[in-house]
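Q: Could you take me through the labels used for this model, and say what each one rests on?

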Amino acid sequence: MNNKYNIGIIGGTGDAGIGLAVRLAVGGHEVIIGSRNESKAKEVVNDIIAKYNISGIKGETNENSSTSEVVIVATPWDATISTLAPIVNNLKDKVVITMVNSMIYENKEMHSLMPTLGSMALEIMRILDSKKVTGAFHHLPAKNLLNKDKKLDYDVVVFGDNQSAIETTLNIVNSIEGLKGIYVGSSKLSFAVESFTSVLVSASILHKGHASLKLTGVHQG
Ligand SMILES: NC(=O)c1ccc[n+]([C@@H]2O[C@H](COP(=O)([O-])OP(=O)(O)OC[C@H]3O[C@@H](n4cnc5c(N)ncnc54)[C@H](OP(=O)(O)O)[C@@H]3O)[C@@H](O)[C@H]2O)c1
């Protein structure tokens, strides 16, 4: 498989966006990190180049980033819909991958919150009026993505309703060394996928680690 994409990351200046951008660029994709503030995005990219010595990443506004072939949403859950609303027209009819989890930190635990429609993926599908929204990367600890010495060895749960969008998402996940995309089903699974992140983050807090997922019983060979 040798599919390379132009990928925009909305809200890409946070740890999750930066960590993913670095791993995607290493995987051969062209990445645009998006921000509310273009100069912040450019500074973040300069820091990435200095730290990781890689090319293939640019910093732009969220709007410019949203013109990419494939777009990843990496905003905080409570800023997601307001961030996407002004750029809906750029996102219609393209593959949009959400990694957004709605959670709140309480009493040294992370608790999941249920958005009005049941998940952030369903909220995003509604505002974009699109079936090409998929979910992936929810369970990846950004700290491990950012650590260039960390060899990844995780499964990435992928959900979605549109076959070509699912295939594109799996291609992108599998292009990152150490990740294996596992399609689990439709967007009806999105709340379960998003909310399980609270279990992983709470375990990470309790055990002072960075928990992620490796499934058994679903790999071939
Ligand atoms: N961190 C992880 O380990 C991890 C792992 C998997 C999934 N996720 C999910 O990925 C998403 C991003 O996580 P993160 O830790 O990178 O988040 P973050 O650092 O809190 O936010 C990411 C970016 O969103 C933008 N942003 C912040 N507040 C905003 C607002 N009110 N309106 C619009 N944009 C705003 C900021 O970019 P600008 O200031 O440049 O606009 C910020 O750098 C979350 O939904 C999280 O649940 C995170």
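The turns below cover the ligand site and then a hairpin, in a predicted model.

Q: What makes the pair between Thr13 and the ligand a polar contact?
A: An N or O atom in the Thr13 side chain is 2.6 Å from an oxygen atom of the ligand. The cut-off is 3.5 Å, so the pair counts. Lys40 also qualifies, because its side chain has an N or O atom 2.7 Å from a ligand oxygen.

Q: Why does Asn101 count as a polar contact of the ligand?
A: Its backbone supplies the N or O atom, 3.3 Å from a ligand oxygen. That is within 3.5 Å, so Asn101 counts. As for cover, the protein takes up 72% of the 890 Å² of accessible area that the ligand has on its own.

Q: How do you know that the ligand sits in the largest pocket?
A: The test asks for more than half of the ligand's atoms within 2 Å of the pocket's grid points. The ligand is assigned to the largest pocket, so it passes.

Q: Which residues come nearest, and what kinds make up the shell?
A: Thr13, Ser35, Arg36, Lys40 and Thr75 come nearest, out of 22 around the ligand. The shell divides into 11 nonpolar, 8 polar and 3 charged residues. Helix H4 (77-84) gives the largest share, 3 residues.

Q: Why are E6 and E7 called paired strands?
A: Pairing needs at least two bridges, and E6 (residues 103-106) and E7 (residues 109-112) have 4, so they pair. Their sense is antiparallel. Ile104 stands opposite His111 in E7. The hairpin has 2 residues between the strands, and Asn107 takes a positive phi near 50 degrees.

Notes:
Residues numbered from 1 in each chain as written. Predicted model: local features only at pLDDT ≥ 70, side-chain atom pairs only at ≥ 80, totals over all residues. Heavy atoms only, no water. Near = heavy atom within 4 Å. Polar contact = N/O pair within 3.5 Å; in protein donor to acceptor, adjacent residues only side chain to side chain. Areas by Shrake-Rupley, 256 points an atom, 1.4 Å probe, with all protein chains shown as cover. 1 Å grid on protein atoms, 1.4 Å probe; cavity = no way out; pocket = protein on both sides within 12 Å on 5 of 7 lines; lining within 4 Å. Nonpolar A, V, L, I, M, F, W, Y, C, P; charged D, E, K, R; others polar.
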